[in-house]
Amino acid sequence: MAEKNPTVTVATSMGDIQIELEADKAPITTRNFLDYVNDGFYDGLIFHRVIPGFMIQGGGMDPQMKQKSTKSPIKNEATNGLKNKNGTVAMARTNVVDSATAQFFINVKDNDFLDHRSTSADAFGYAVFARVIDGMDVVQKIEKVKTRNSGMHQDVPVDPVVINSVRVDG
């Protein structure tokens with residue numbers, strides 16, 4: 001029998017979001033994410049970028065918008081066949097293909113343009129590695145918070161949406 005995919009609960013200041021990791025399709029990303037989870041890395045960070053009708057992003061900034069230092073970037077697994085559909089979780093990155101570290105985003109609609117289209121840097125895509133299995137109502141609540149600009153950052157929630165903890169279930 002195939003091993004069951006790990007599930008993780010993201011406890012936020014607005015409620016809990018449970019996600020199932022796609023360990024078989026995104027092994028590098030899953031291992032990387034679980035390393036951060038097990039280190040308590042995400043505890044106290046925020047969802048720092050919220051764009052209604054697109055996605056909510058977190059896992060890199062504290063409530064003062066200071067970036068937390070991370071481990072080395074990982075290989076982009078966007079070629080794994082998983083699509084950036086509503087409710088999926090993907091790794092955030094810069095425009096460098098293999099630059100993802102700890103930041104992730106939850107798609108709040110089908111974002112096909114983020115899927116892998118080719119090996120060129122601008123069409124490589126964003127690696128989906130999980131999906132929300134419980135708490136989409138919380139994701140939708142976060143999606144609707146009022147945002148502002150903060151320094152160079154746009155779409156920052158006026159009232160920080162804090163990630164209290166991220167824990168592996170069971």
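In this predicted model, Met55 stands opposite Asn107 in β6. That pair belongs to a longer run of contacts, since 4 bridges join β4 to β6 and the two strands run antiparallel. Strand β6 itself spans residues 104–107, and both of its faces are covered. On one side sit Phe104 and Ile106, on the other Phe105 and Asn107, and all of them are buried.

β6 has another partner in β5, with the two strands pairing in the antiparallel sense over 3 bridges. Two of the matches between them can be named. Val89 has Ile106 as its bridge partner in β6, while Met91 is bridged to Phe104. Strand β5 covers residues 88–91, with Thr88 and Ala90 pointing one way and Val89 and Met91 the other. Whichever way they point, these residues are buried. β5 also pairs with β7 (residues 128–134), again in the antiparallel sense and again over 3 bridges. Here Ala90 stands opposite Val128. So walking through this part of the sheet, β6 pairs with β4 and with β5, and β5 goes on to pair with β7, going by the DSSP bridges between strands.

The loop between β4 and β5 holds a residue that ties into this same region, namely Asn84. How buried is Asn84? Its relative accessible area is 0%, and because anything under 20% counts as buried, Asn84 falls in that class. Its side chain makes a polar contact of 3.0 Å with the side chain of Asn107, the β6 residue that faces Met55. Leaving out residues up to four places away in sequence, Asn84 touches a long list of others, including Ala90, Phe105, Asn107, Tyr126 and Val128. Also among them are Lys109, Asp110, Asn111 and Asp112, along with Leu114 and Asp115.

Met65 sits in the loop between β4 and β5 too, and the backbone there does something worth a look. Phi of Met65 is near 65 degrees, a positive value in a residue other than glycine. Met65 is buried, with a relative accessible area of 12%. A positive phi turns up again at Asp155, where the value is about 65 degrees although the residue is not a glycine. Asp155, though, is found in a strand, β9 (residues 153–157), and is partly exposed, with a relative accessible area of 23%.

Moving to the start of the chain, where does strand β1 (residues 7–12) lie, out in the open or enclosed? It is largely enclosed by the rest of the structure, because 6 of its 6 residues are buried. Thr7, Thr9 and Ala11 point one way from β1, and Val8, Val10 and Thr12 point the other way. β1 pairs with β2 (residues 15–21) in the antiparallel sense over 6 bridges, and a hairpin of 2 residues joins the two strands. Within that pairing, Thr7 stands opposite Glu20. β1 also has a partner much further along in the numbering: 5 bridges join it to β10 (residues 161–168), and these strands run antiparallel as well. In β10, Ser165 is the bridge partner of Ala11.

As for empty space, the structure holds 1 cavity of 30 Å³ or more. About 50 Å³ of space lies in the largest cavity. Its lining includes Met91, the β5 residue bridged to Phe104, and Tyr126, one of the residues that Asn84 touches. The rest of the lining is made up of Thr29, Ile74, Lys75, Asn76, Glu77, Arg93, Ala100, Gly125 and Ala127. By class, that comes to 5 nonpolar, 3 polar and 3 charged residues.

The largest pocket holds about 340 Å³ of space. Of the 18 residues that line this pocket, the closest to its centre are Gln57, Ala92, Arg93, Thr94 and Gln103. Arg93 is therefore a name seen before, as it also lines the largest cavity, where lining residues have an atom within 4 Å of a point. Strands β3 (45–51) and β4 (55–61) each supply at least two residues of the pocket lining, and the largest share, 3 residues, comes from β4. The lining is a mix of classes, with 9 nonpolar, 7 polar and 2 charged residues.

How values were computed. Residues are numbered from 1 along each chain as its sequence is written. This is a predicted model: local features need pLDDT of at least 70, side-chain atom pairs count only at pLDDT 80 or more; totals for chains, interfaces and linings use all residues. Side-chain values use heavy atoms; hydrogens and water are left out. On a 1 Å grid over the protein atoms alone, a cavity is a set of points where a 1.4 Å probe fits but cannot get out, and a pocket is an open set with protein on both sides within 12 Å along at least five of seven lines; lining residues have an atom within 4 Å of a point. Grid points are joined across faces, edges and corners, and a volume is the space filled by probe spheres set on the points. Ala, Val, Leu, Ile, Met, Phe, Trp, Tyr, Cys and Pro count as nonpolar, Asp, Glu, Lys and Arg as charged, and the others, Gly among them, as polar. Buried means under 20% relative accessible area, exposed over 50%, partly exposed in between (1.4 Å probe, protein chains only). A polar contact is a pair of N or O atoms within 3.5 Å; within protein, one must be able to donate a hydrogen and the other to accept it, and residues adjacent in sequence count only if both atoms are side-chain atoms. Contact means heavy atoms within 4.5 Å.
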